[in-house]
Amino acid sequence: MNPSTQNWTLTTLSPDIAVTGHEPPTVTDPVLEQGIEAIWQETRQKHPGLYNGRVFCLSDLTENTLSGFWCEYRWVLAQMRSPELAAQLRLRSLAVTALLICPEGVVLGRRNPKSLYLPGYWQGVPAGSVEARPGDKTIDLKAQLFAELEEEVGLGEAVSISGPFLACEHDTTHIVDLGFAIRTSLGFAAIETAWRARANDEYDALECQPWHEIAPLTSRVLPTTRALLERLAP
């Protein structure tokens with residue numbers, strides 16, 4: 001799969017988009033359940049740290065409204081790994097991502113080669129599934145993004161978040177990225193130091209690109225990041 005040639009679906013969003021939830025569908029087909037569980041167990045043998053938490057999946061998306069339901073992560077994993085199961089599950093799992101903008105330019109991260117999803121590609125940071133977190137009673141998209149920023153980059157202060165500006169849907173996995181902007185007064189050296197000291201291993205490299213050098217790089221970053229670069233360029 002080469003994301004640079006994929007026809008991902010782009011939707012412009014209102015920054016004040018309303019989020020609602022409803023009851024999830026149920027899996028009643030035992031063959032489907034067996035297929036989901038087989039993929040889950042096989043993947044856990046290679047990635048024993050995987051956790052079957054709850055992730056949010058879309059049922060409807062417009063410029064002003066977003067609705068969906070919580071489901072098990074193993075459903076989404078099965079859809080990613082098996083076209084046959086994807087045709088039955090038809091999930092659109094929700095993720096948040098951003099452009100991290102510092103005084104020197106835009107921070108990009110290269111996805112770890114061991115990542116389950118799009119390893120080795122460059123993207124805006126952070127990025128991650130919308131997950132059910134302890135204590136959450138409502139779906140706070142900016143809080144989800146802030147948690148990803150702490151986990152993946154090691155930043156927990158001196159930032160402001162705006163958006164979402166757009167949704168970008170992967171035409172194969174049907175993962176839907178919501179794109180934000182994160183601005184910080186910290187320089188890239190401080191960001192990289194925080195990443196090396198406190199972050200997880202989601203990225204194996206970070207780089208900072210000045211805005212005037214961004215255009216030649218768009219062919220090597222994921223479609224959601226390209227769309228955000230075009231939307232947010234000064």
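A residue counts as buried when its relative accessible area is under 20%, and in this predicted model Gln123 meets that criterion, because its relative accessible area is 5%. Gln123 lies in strand S7, which spans residues 122–124, and its side chain is joined to the side chain of Arg111 by a polar contact of 3.1 Å. Leaving aside residues up to four places away in sequence, Gln123 touches Thr97, Leu108, Gly109, Arg111, Tyr203, Leu222 and Thr225, so that Arg111, the partner in the polar contact, also appears among the residues that Gln123 touches.

A second part of the structure is the packing of two helices, H1 and H2. Two packed helices are described by the angle between their axes and by the distance between those axes. For H1 and H2 the angle is about 90 degrees and the axes are 9 Å apart; since angles of 65 to 115 degrees count as roughly perpendicular, the two helices are therefore roughly perpendicular to each other. On the H1 side the contact is made by Glu33, Ile36, Glu37, Ile39, Trp40 and Thr43, and on the H2 side by Tyr73, Arg74, Trp75, Leu77, Ala78 and Arg81. Sorted by class, these contact residues comprise 7 nonpolar, 1 polar and 4 charged.

The aromatic rings offer another view of how the chain is held together, with a count of 2 aromatic pairs. One of them is formed by Trp40 and Tyr73, whose rings are 6.2 Å apart from centre to centre, with 80 degrees between their planes, an edge-to-face arrangement. Because Trp40 lies in helix H1 (residues 30–46) and Tyr73 in helix H2 (residues 73–81), this pair ties together parts of the chain that are 33 residues apart in sequence. Both Trp40 and Tyr73 are buried, and both are also among the residues that make the contact between H1 and H2.

Phe56 and Trp70 have ring centres 5.2 Å apart and planes at 75 degrees, and because planes over 60 degrees apart count as edge-to-face, this pair too is edge-to-face. Here the linked elements are strands: Phe56 belongs to strand S3 (residues 54–61) and Trp70 to strand S4 (residues 65–72), and the two residues are 14 residues apart. Which of these two residues is buried, and which is partly exposed? Phe56 is buried, as its relative accessible area is 0%, whereas Trp70 is partly exposed, because its value of 21% is not under the 20% that buried requires.

Conventions:
Residues numbered from 1 in each chain as written. Predicted model: local features only at pLDDT ≥ 70, side-chain atom pairs only at ≥ 80, totals over all residues. Heavy atoms only, no water. Phe/Tyr/Trp six-rings, centres within 6.5 Å; stacked < 30°, edge-to-face > 60°. Helix = DSSP H or I, 4+ residues; strand = E, 2+ residues; numbered from the N terminus. Buried < 20%, exposed > 50% of the residue type's maximum accessible area, 1.4 Å probe, protein only. Axes fitted to C-alpha atoms, helices over the stretch in contact; angles between N-to-C directions. Parallel < 35°, antiparallel > 145°, perpendicular 65-115°, else oblique. Contact = heavy atoms within 4.5 Å. Nonpolar A, V, L, I, M, F, W, Y, C, P; charged D, E, K, R; others polar. Polar contact = N/O pair within 3.5 Å; in protein donor to acceptor, adjacent residues only side chain to side chain.
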